[in-house]
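Colleague: Hi! Could you walk me through this one?
Modeller: Sure, let's pull it up.

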Amino acid sequence: MMTVTYIGLGSNLGDSRQILIEAVQKLATLGTVKTSRLYQSPPMGPQDQPNYLNAAVQLITDLEPIALLDELQRFEQESGRVRLRHWGERTLDLDLLIYGEQQIHNERLTVPHVGVMERDFVLMPLLDLDENFQLKGQLLKDLPLLQHPSLTVLDEENWANI
């Protein structure tokens, strides 16, 4: 059975644009993908690190949630991901934000992702993919956080050339 999922992408080490393009190409091997615009945002954690490039991908896949998580983590490792510090810099961060209508809470995965509603660098790319996106009965475009976003659009759709 095919499920509509949403993946958040972020990078602030190395050639971030190329790393995200390669990540989208890898995601495309798991199903049908559609990309948001590409954004630049300030770091959420320690401020002594470069700005992030962020995007989101809608992935329609037949993978079960944990199998999908395993693939995302494999892609992160293939791009040289290291966890230096909490909310620190990284070559590639892939977060499983939404998995169909499912609510999942286990030791490896929480879906919907805990930070979705509090992070403009997640919300704005999601709204690129579906301007009427709703989560927990809330229309995302109506959230007050989006009145003064901290991110900048770098590229419109098709930046990943898929």
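Colleague: How many residues of strand 1 are buried?
Modeller: Bear in mind that this is a predicted model. In strand 1, residues 3–11, 8 of the 9 residues are buried, so to speak mostly covered.

Colleague: And which way does strand 1 run against strand 4?
Modeller: The two run antiparallel, with 9 bridges joining strand 1 to strand 4, residues 52–61. One of the pairs is threonine 3 with threonine 61 of strand 4.

Colleague: What about strand 5, how many bridges join strand 1 to that one?
Modeller: There are 6, and these two strands run antiparallel. Tyrosine 6 stands opposite isoleucine 98 there.

Colleague: Where does leucine 97 sit, then?
Modeller: Leucine 97 is in strand 5, residues 93–99. Its relative accessible area is 2%, and because buried means under 20%, leucine 97 counts as buried.

Colleague: Which residues does leucine 97 touch?
Modeller: Leaving out residues up to four places away in sequence, its contacts include Tyr6, Ile7 and Gly8, along with Val111, Pro112 and His113. Val116, Val122 and Leu126 also touch leucine 97.

Colleague: How far is leucine 97 from glutamine 58?
Modeller: They are 10.0 Å apart in space, C-alpha to C-alpha, and 39 residues apart in sequence.

Colleague: Changing topic: what is the nearest side chain of opposite charge to aspartate 120?
Modeller: That is arginine 119, 8.6 Å away. Aspartate 120 is buried yet has no salt bridge, and lies in helix 3, residues 120–129.

Colleague: So what does aspartate 120 touch?
Modeller: Beyond four places in sequence, aspartate 120 touches Pro125, Leu145, Leu146, Pro149, Ser150 and Leu151.

Technical notes
Residues numbered from 1 in each chain as written. Predicted model: local features only at pLDDT ≥ 70, side-chain atom pairs only at ≥ 80, totals over all residues. Heavy atoms only, no water. Helix = DSSP H or I, 4+ residues; strand = E, 2+ residues; numbered from the N terminus. Buried < 20%, exposed > 50% of the residue type's maximum accessible area, 1.4 Å probe, protein only. Contact = heavy atoms within 4.5 Å. Lys, Arg positive; Asp, Glu negative; His and termini not counted. Salt bridge = Lys/Arg side-chain N within 4 Å of Asp/Glu carboxyl O. Pairing = 2+ DSSP bridges.
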